[in-house]
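Trainee: I would like to go through this model with you, beginning with the ligand site. May I ask questions as we go?

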Amino acid sequence: MAGVTMQARPAEIYLNGRFLPPEEGQVSVMDRGFLFGDGVYEVIPCYGGRLFRLEEHLRRLDNSLHAIRMHNPLERGEWQAILERLIGQLPGADQSIYLQVTRGSSGQRDHAIPDGIAPTVFVMTQPALYPDPTTLATGIKAITLADNRWLRCDIKAITLLANVLLRSEALDQGAGEAILIRDGQATEGAASNLFIVQAGELITPPKSDRLLPGITRDLVLELAHQHGLPCREQEISEAMLDSADEIWVTSSTKEVTPVVELNGHPVGNGTPGPIYTRMAACYGEYKALLQAGRIPS
Ligand code: PDD
């Protein structure tokens, strides 16, 4: 149709050892992922056909599986082969890989973890929905909400109902993200990590069971060190958040997104700040090097 760009959809997903058309993928209703949200996942960006920080994502997957008493069902090389085949369906395109491992099915619903059942392994890739340049240039609004999640936020669990409700609350209030507050401290976003700039210094909360150890977060810290931007890992009180010169949220899908309004008040002068502009340039350069094959996946 003239004037309409149809985005290519991948023809295959991966499910339990097979590559299938998405509509042919079937999982038992007795799967513990379906019944209990008993599983973990990863979202891995892919820029121009190159996987972003694959080692780090697979290491976090290992940690999540270990934390829920599961073994990784695949070797590193097997994961890579699956991901490469799926991203090969949209050659050279920016994509977002979703992979999930659930505990599988014992044929009955019982909270206790059964012995010896086969996990369910599912992987798909989608054309990337990275923030559009306008959003990055103008920033987003955020609100603060009470962090009512469990105390194992370090596990990338598929059990995301609290995050879903928190994010919906933010959207209802016209905001792009909810920044979560627990015991007077800002922990992270509903689906992102948190950074602030205070007196020229970049601050993010240290890793703990209150937040996901984000791969993007780690890269931002690495880039800050490399490029001489002062940064430190420190708890961020609600008062620090309210008076921050800059606020950013980071994730595989948001990359580094500036927050320009918090709870209806401007952050700094209400536009993305100068430290953000420097980090955005560093991040863009990193992506360009990755795409050019000058940084390993
Ligand atoms: N979520 N914290 C939470 C609660 C998240 O859900 C995410 C990402 C992050 C950032 O992690 P990373 O930089 O590794 O993407 C932090 C993904 C994108 C999701 O659930 O879709």
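Mentor: The conversation below takes up the ligand site, then the cysteines, and then several individual residues.

Mentor: Please keep in mind that this is a predicted model.

Trainee: Which of the 20 residues around the ligand come nearest?

Mentor: Y41, R60, E188, T216 and S252 come nearest among the 20 residues around the ligand.

Trainee: What does the side chain of E188 approach on the ligand?

Mentor: An N or O atom in the E188 side chain lies 2.7 Å from a nitrogen atom of the ligand. The protein as a whole covers 89% of the 470 Å² of accessible area that the ligand has on its own.

Trainee: And what about Y41 and R60?

Mentor: Both side chains approach oxygen on the ligand. For Y41, a polar side-chain atom is 2.6 Å from a ligand oxygen atom. For R60, the distance from an N or O atom of the side chain to an oxygen atom of the ligand is 2.8 Å.

Trainee: Which helices and strands each supply at least two residues of the shell?

Mentor: They are the strands β3 (39–47), β9 (185–189) and β14 (246–251), together with the helix α6 (215–226).

Trainee: From which domains does the shell draw at least three residues each?

Mentor: From domain 1 (13–127) and from domain 2 (133–291).

Trainee: How do the shell residues divide into nonpolar, polar and charged?

Mentor: Six are nonpolar, 10 are polar and four are charged.

Trainee: Changing topic to the cysteines: how many disulfides are there?

Mentor: The count is zero, with a disulfide taken as a pair of cysteine sulfur atoms within 2.5 Å.

Trainee: Why does C282 not form a bond with the closest cysteine?

Mentor: Because the closest cysteine sulfur, in C231, is 11 Å from the sulfur of C282, which is too far for a bond.

Trainee: Is C282 buried or exposed?

Mentor: C282 is buried, at a relative accessible area of 8%. C46 is buried too, and its relative accessible area is 0%.

Trainee: Next, T120. Where is T120 located, and what does its side chain contact?

Mentor: T120 belongs to strand β6, which spans residues 120–127. Its side chain and that of D31 are joined by a polar contact of 2.5 Å. T120 is buried, with 10% relative accessible area.

Trainee: What does the side chain of N193 reach?

Mentor: The N193 side chain reaches the backbone oxygen of L212, at a distance of 2.9 Å. N193 is part of strand β10, residues 193–198. It counts as buried because its relative accessibility is 5%, and buried means under 20%.

Trainee: I also wanted to ask about backbone angles. What is the phi of N16?

Mentor: Phi of N16 is near 45°, which is a positive value in a residue other than glycine. N16 sits in the loop between β1 (13–15) and β2 (18–20). With a relative accessibility of 41%, N16 counts as partly exposed.

Trainee: And what is the phi of E255?

Mentor: E255 has a positive phi of about 55°, although it is not a glycine. E255 is found in strand β15, residues 255–262. E255 counts as buried, at 6% relative accessibility.

Trainee: E261 is in β15 as well. How far apart are E261 and E188 in space?

Mentor: Their C-alpha atoms are 16 Å apart in space, and the two residues are 73 residues apart in sequence. E188 is the residue already mentioned as one of those that come nearest to the ligand. E261 is partly exposed, with a relative accessible area of 25%.

Trainee: What is the separation between the C-alpha atoms of G88 and P10?

Mentor: It is 9.2 Å, for two residues that are 78 residues apart along the chain. G88 is in the loop between α3 (76–87) and β5 (95–102). Its relative accessible area of 45% makes G88 partly exposed.

Trainee: Finally, how far apart are R50 and L20?

Mentor: R50 and L20 are 23 Å apart in space, C-alpha to C-alpha, and 30 residues apart in sequence. R50 lies in strand β4, residues 50–51, and counts as partly exposed at 27% relative accessibility.

Definitions and conventions
Residues numbered from 1 in each chain as written. Predicted model: local features only at pLDDT ≥ 70, side-chain atom pairs only at ≥ 80, totals over all residues. Heavy atoms only, no water. Near = heavy atom within 4 Å. Polar contact = N/O pair within 3.5 Å; in protein donor to acceptor, adjacent residues only side chain to side chain. Areas by Shrake-Rupley, 256 points an atom, 1.4 Å probe, with all protein chains shown as cover. Helix = DSSP H or I, 4+ residues; strand = E, 2+ residues; numbered from the N terminus. Nonpolar A, V, L, I, M, F, W, Y, C, P; charged D, E, K, R; others polar. Domains from an automatic or database assignment. Buried < 20%, exposed > 50% of the residue type's maximum accessible area, 1.4 Å probe, protein only.
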